[in-house]
Amino acid sequence: MTESLGVSLLGAGNVGGGVLAALAAGAERYAARVGRPLEVRRVLVRDASKRRKGVSKRVLVDSLDAVLVDSRTRIVIELMGGERPAFDYIRRCLESGRHVVTANKEVMAKHGGELLRTAAAHGVRLLYEASVGGGIPIISPLSRDLLANEVTAVTAIINGTTNYMLTAMAQRGSDYAGVLAEAQRLGYAEPDPTADVEGIDAAYKLAILCGLAFHVDVSPADVTRRGITRLTARDFRYAEELGYAIKLLASGRLIEGELVASVQPVFVPKAEPLARVDGVLNAVQVEGDLVGRVIFEGPGAGPMPTASAVLADVLDVARDLVASRPPSETIAYRPVVVRPSSKVVSRFYMRVTVLDQPGVLARIATILGKHDISIASVIQFETDARSGTAELVITTHASPGGELEAAVKEITALNVVSEVGNVLPMVGA
Ligand SMILES: NC(=O)c1ccc[n+]([C@@H]2O[C@H](COP(=O)([O-])OP(=O)(O)OC[C@H]3O[C@@H](n4cnc5c(N)ncnc54)[C@H](OP(=O)(O)O)[C@@H]3O)[C@@H](O)[C@H]2O)c1
């Protein structure tokens, strides 16, 4: 009988439970694909006395040491989540000579460089396919299949919660508070939705993607971030009339060698494939000089899709172990200058509530003109006879973000302007 290959898990929650279930159900096919059966040796949880479906009590432990003392554990799967203690635990596992597979975007975005160097120093691998896009293969394609390309842009919808909410707002004309409450009821949004709705989760994932795509050191702090909390049903109505969808886009590119990375709600032309990625689906679009444009789309979360990505990494490491293949060298990342959003050029959508009287538009146009911003279109959508106001939707030609921001400040100060609502970038020239 061939000796089994020991695998231990840190965490047995949503994803950990899925991985354990898949390991049990697919034991035979994994043994065939690896050449040796996989054996679950230890499962670290906070509360080891709690019964867990499909997990033998014998393997449950509540300290990392109990995992590390098991000499037959060769691969550790980290599925605890959060920055600490997950970061320290991953490092200790690598230092102990264990290969590590993780789904932890926060740890990889903040400490990925250091951990990958630790792995290399100890002759082991650290794999993290599940940290971005759940079940969608994207880390491996970027690190291997697209390696011959100079990647020019990565544009993604990588937060299922917000994409579900934005799709509901667009399709049903619902307001933000209503769709958030519904997403929470359905379990798509956490009781504290901040990490999703403020774009924090997507910024972690984008930092990981940009590092891989451009071979540069990127931290989540390098990502300009704006959430979806200020979007209104009216923005969606106007977007529809103009032929656009509103998506929380995670976008990274190198412009003249400088990194431009942002997570923000953006007007995306309906003809673009990303405009049609709806509900909890995720999609990552990569543009490379050789390949052109490729899009990876699929379920961005959920226990089984995420288990698919986690186990792909586990099988990859396991096959190397069976074949006694040493880990390949990781590519060193170089430092990069981050271009501030004020210098990034884009078209913009702007919603302005003004007093419904003659000459108002001319005053706004004068301010925009002073900042060299040329207007592409102006539409007066609604007038409110009671308050004597009208809503103008202005779209601009490509202009630097800093100039637009300065103009918006001046427009807001005009006594004929009641409110400058959302100002959002628009995809397209
Ligand atoms: N959920 C998804 O669809 C999804 C998709 C992609 C990636 N991910 C990533 O996968 C990871 C796991 O997510 P999840 O949804 O499975 O989380 P979860 O349901 O909250 O499970 C966390 C597990 O880790 C254990 N744990 C947490 N802190 C611990 C500590 N200090 N010591 C020991 N055990 C600890 C918990 O133990 P107890 O059971 O005793 O509390 C629980 O079993 C996260 O990094 C997440 O971002 C999740």
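1. A residue counts as partly exposed when its relative accessible area falls between the limits for buried, under 20%, and exposed, over 50%. In this predicted model, E95 has a relative accessible area of 42% and is therefore partly exposed. E95 belongs to helix α4, which spans residues 86-95. Its contacts, leaving aside neighbours within four places in sequence, are with T118 and H122. The C-alpha atom of E95 is also separated by 9.4 Å from that of G123, a residue 28 places away along the chain.

2. The region around helix α4 holds two further features. The peptide bond joining R84 and P85 is cis, with omega of about 10 degrees, and P85 lies in the loop between β4 (73-78) and α4. As background, most peptide bonds are trans. In addition, the charged end of R91 sits over the ring of F87, at 5.0 Å from the ring centre.

3. Aromatic pairing deserves comment. A search of the whole structure finds four aromatic pairs. In one of them, Y238 and F381, the ring centres are 4.3 Å apart and the planes lie at 15 degrees, so the pair is stacked. This pair links distant parts of the chain, since Y238 is in helix α11 (residues 233-242) and F381 is in strand β14 (residues 375-384), with their positions 143 residues apart. Y238 has a relative accessibility of 1% and therefore counts as buried. Elsewhere, Y244, F267 and Y349 form one aromatic cluster.

4. How do helices α2 and α12 pack in terms of angle and axis separation? Helix α2 (residues 27-34) meets helix α12 (residues 303-322) at an angle of about 40 degrees, and their axes are 9 Å apart. The two helices are therefore oblique to each other. On the α2 side the contact is made by Y30, R33 and V34, and on the α12 side by L311, L315, A318, R319 and V322. Sorted by class, the contact of α2 with α12 has six nonpolar residues, two charged residues and no polar residues.

5. L321 offers a second view of helix α12, in which it lies. Is L321 buried or exposed? With a relative accessibility of 15%, L321 counts as buried, because the limit is under 20%. Not counting residues up to four places away in sequence, L321 touches L5, R74, I75 and H99. The C-alpha atoms of L321 and V34 are separated by 9.1 Å, although the two residues are 287 places apart along the chain. V34 is itself one of the α2 residues in the contact with α12.

6. Two residues other than glycine have a positive phi and merit inspection of the backbone. By way of background, most residues other than glycine have a negative phi. Phi of E256 is near 50 degrees, and E256 is found in the loop between β9 (244-255) and β10 (258-269). With a relative accessible area of 72%, E256 is exposed. D372, which is not a glycine, has a phi of about 65 degrees. D372 is placed in the loop between α13 (360-370) and β14, and at 72% relative accessibility D372 likewise counts as exposed.

7. Helix α13 contains G369. At 41% relative accessibility, G369 counts as partly exposed. Where does G369 stand relative to A407? The C-alpha atoms of G369 and A407 are 9.1 Å apart in space, and the residues are 38 apart in sequence.

8. The last point concerns P299, in strand β12 (residues 292-299). P299 has a relative accessibility of 41% and therefore counts as partly exposed. Which residues are in contact with P299, leaving aside its neighbours within four places in sequence? They are G133, G134, G135, I136, L281 and P305. By C-alpha position, P299 is separated by 26 Å from V55, which is 244 residues away along the chain.

Technical notes:
Residues are numbered from 1 along each chain as its sequence is written. This is a predicted model: local features need pLDDT of at least 70, side-chain atom pairs count only at pLDDT 80 or more; totals for chains, interfaces and linings use all residues. Side-chain values use heavy atoms; hydrogens and water are left out. Rings of Phe, Tyr and Trp (its six-membered ring) pair if their centres lie within 6.5 Å; planes under 30 degrees apart count as stacked, over 60 as edge-to-face and the rest as tilted. Helices (H or I, at least four residues) and strands (E, at least two) are DSSP runs, numbered from the N terminus. Buried means under 20% relative accessible area, exposed over 50%, partly exposed in between (1.4 Å probe, protein chains only). A charge sits over a ring if NZ of Lys or CZ of Arg is within 6 Å of the ring centre and within 35 degrees of the ring normal. Axes are lines fitted to C-alpha atoms, for helices over the stretch in contact, and angles run from 0 to 180 degrees between N-to-C directions. Angles under 35 degrees count as roughly parallel, over 145 as roughly antiparallel, 65 to 115 as roughly perpendicular and the rest as oblique. Contact means heavy atoms within 4.5 Å. Ala, Val, Leu, Ile, Met, Phe, Trp, Tyr, Cys and Pro count as nonpolar, Asp, Glu, Lys and Arg as charged, and the others, Gly among them, as polar.
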